[in-house]
Amino acid sequence: MRRKKLFTIARHEFHGITATRTFIIITILGPFLILAVSVIPSLLSSRMDNLQEGSVIGVVGSNPEVSAVLQAAFSDKGVIIEEGSSLEEMKERLLEEKNMQGILEIPENMLEAETFYYYSKTGTDVVISETIKSVLGNYTVSQRMSSAGFEPEEIKQLSSVPDMTVKKLSKSGDEEESQGIFSIMITAISFILLLYMSILLYGQMIGRSIVIEKTSKTVEILLSSARPHEIMFGKIFGIGAAGLLQYLIWISTGLLIVLFLGPQFDISLPASLNAVSLGFLLLFFLMAFSLYAGAYAALGSAAEDEQNLGQLAWPLIMFLVFPMVMMSPIVMNPDSVFSVILSYFPLTSPMVMFTRVLVNMPAVWELLLCFLILIISIILMIYGAARIFRVGILLTGNRHTFREIIKWMRYQ
């Protein structure tokens with residue numbers, strides 16, 4: 001009988017969420033996000049070197065030979081090199097003309113110069129500045145060597161810079177070409193953002209549902225036919241089932257893209273987007289949801305209204321936001337002490353450990369330890385939430401501090 005009541009509450013919460021337009025719209029938009037994660041990183045990586053056709057770079061203090069070398073370097077990018085007599089005149093053009101990308105200032109004796117100056121509107125046009133740096137560096141070195149008496153062939157041989165291909169070595173010893181930091185970062189951020197939004201959305205749904213029923217006195221009617229823990233678990237299971245359904249639809253779409261659409265339409269997919277990573281995405285969502293759902297259920301029962309719930313829940317949101325803020329150091333060094341600690345701390349481990357899975361699969365024992373800590377934390381969180389829920393669900397009229405809420409766990 002009790003189990004029937006629990007499933008009745010769960011079914012009510014499940015239908016209440018899945019029948020809304022918001023749920024349907026988000027479920028439909030999810031696959032497009034997965035498609036964007038699949039295609040956009042490789043698309044942007046392949047096109048980030050392409051500049052707008054007819055873009056102009058002004059050069060001041062140059063000579064025809066240097067300008068010719070620069071023009072040759074930018075010819076395949078559609079950029080035009082224009083010499084100018086005055087730096088001030090070029091600065092005015094840079095501020096007024098949309099097609100003007102920047103200005104390169106070359107010192108009078110460039111072979112002895114230690115620094116060249118490049119002016120731009122944004123300061124972020126890395127492709128142009130790095131190309132100029134490489135071209136001028138090779139030119140000045142070759143000219144210095146020529147002045148020292150080296151022959152042109154010797155200069156070419158001595159100044160040639162070898163290319164470098166970054167290869168990723170897997171745990172099994174297999175070699176594969178690295179996806180590149182840009183592609184990995186975009187993919188990791190997109191997946192972590194998906195986790196963050198869904199955990200926050202469904203966690204707040206639980207907290208808000210409890211607050212609404214508490215303030216409207218509906219919970220008193222529910223308590224006349226069901227126990228507090230049945231109400232709490234019914235809400236968690238019902239809302240969790242809605243989230244699980246949504247993720248299953250998203251992951252099925254992702255698998256369709258990985259296994260069929262990608263090869264069929266020759267779409268270059270990130271190596272981190274595969275069946276294994278999508279499986280881990282579902283697993284970490286379930287664990288993160290269970291952990292945060294218990295916390296939100298406890299806070300919802302203790303909150304006086306929705307505003308008070310937001311105030312009580314800000315520490316949870318901070319733990320959700322922190323991994324996204326620290327995404328860059330985690331992706332660049334997934335095995336650092338900082339990343340490892342965050343991947344074991346329960347409130348951050350679902351997102352940080354999932355990021356490590358995307359970048360470089362951790363050892364099996366690390367994953368098992370992470371799951372063990374999460375499972376223990378979920379059990380403790382739900383146990384504590386149940387004790388807080390039975391006390392706080394009927395308390396109205398006052399706002400409670402964290403110290404008072406924790407004391408409720410000791411009540412018999």
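This passage walks through the salt bridges, surface patches and aromatic contacts of the structure. The model is a predicted one, and the side-chain contacts make a good place to begin.

In total, 5 salt bridges are counted. One of them joins the side chains of E82 and R93, with a nitrogen-to-oxygen distance of 3.0 Å. This pair connects distant parts of the chain, since E82 belongs to strand β2 (residues 79-84) and R93 to helix α4, with their positions 11 residues apart in the numbering. E82 is classed as partly exposed because its relative accessibility is 27%, which falls between the limits of 20% and 50%. R93 also takes part in a salt bridge with E97, where the closest N and O atoms are again listed at 3.0 Å apart. E97 has a relative accessible area of 28% and is therefore partly exposed too.

A further salt bridge brings together the side chains of R356 and E366, at 2.9 Å from N to O. R356 sits in helix α14 (residues 349-359) and E366 in helix α15 (residues 364-392), so this contact ties together parts that are 10 residues apart in sequence. Both partners can be placed by their accessibility. R356, with a relative accessible area of 1%, is buried. E366 reaches 10% relative accessibility and so counts as buried as well, the cut-off being under 20%. Returning to the other bridges, shared partners join E82, R93 and E97 into one network.

Helix α4 leads on to the surface patches. A patch of negative charge on the surface is made by E88, E89, E92 and E96. Of these residues, E92 can be placed in helix α4, which covers residues 87-96. The relative accessibility of E92 is 49%, so this residue counts as partly exposed, exposed being reserved for values over 50%. A patch of another kind, nonpolar in character, is formed on the surface by I24, I25, I28, L29 and F32. Together these five side-chain owners, named in full above, present about 510 Å² of accessible area. I28, one of the residues in this patch, is found in helix α2, which runs over residues 21-47.

The aromatic contacts come next. A pair of aromatic rings is described by two quantities, the distance of the centres and the angle of the planes. The structure holds 11 such aromatic pairs. For F284 and F371, the ring centres are 5.5 Å apart and the planes meet at 45°, so the pair is described as tilted. Here too the contact links distant parts of the chain: F284 lies in helix α10 (residues 275-302) and F371 in helix α15, 87 residues apart. F284 and F371 are both buried. The two rings also belong to one aromatic cluster, whose members are F191, F280, F284, F354 and F371.

Helix α15 offers one last residue to look at. I376 lies in this helix and, at 42% relative accessibility, counts as partly exposed. The C-alpha atom of I376 is separated by 9.3 Å from that of P346, a residue 30 positions away along the chain. Helix α15 thus recurs through the account, as it holds E366 of the salt bridge with R356, F371 of the tilted ring pair and the partly exposed I376.

Terms used
Residues are numbered from 1 along each chain as its sequence is written. This is a predicted model: local features need pLDDT of at least 70, side-chain atom pairs count only at pLDDT 80 or more; totals for chains, interfaces and linings use all residues. Side-chain values use heavy atoms; hydrogens and water are left out. Patches are made of residues with over 30% relative accessible area and no salt bridge: like charges are joined within 9 Å, nonpolar side chains (Val, Leu, Ile, Met, Phe, Trp, Tyr) within 5 Å. Accessible areas come from the Shrake-Rupley method with a 1.4 Å probe; for residues, only the protein chains shown count as cover. A salt bridge is a side-chain nitrogen of Lys or Arg within 4 Å of a carboxyl oxygen of Asp or Glu. Lys and Arg count as positive and Asp and Glu as negative; His and the chain ends are not counted. The place of a charge is taken as NZ of Lys, CZ of Arg, CG of Asp or CD of Glu. Helices (H or I, at least four residues) and strands (E, at least two) are DSSP runs, numbered from the N terminus. Buried means under 20% relative accessible area, exposed over 50%, partly exposed in between (1.4 Å probe, protein chains only). Rings of Phe, Tyr and Trp (its six-membered ring) pair if their centres lie within 6.5 Å; planes under 30 degrees apart count as stacked, over 60 as edge-to-face and the rest as tilted.
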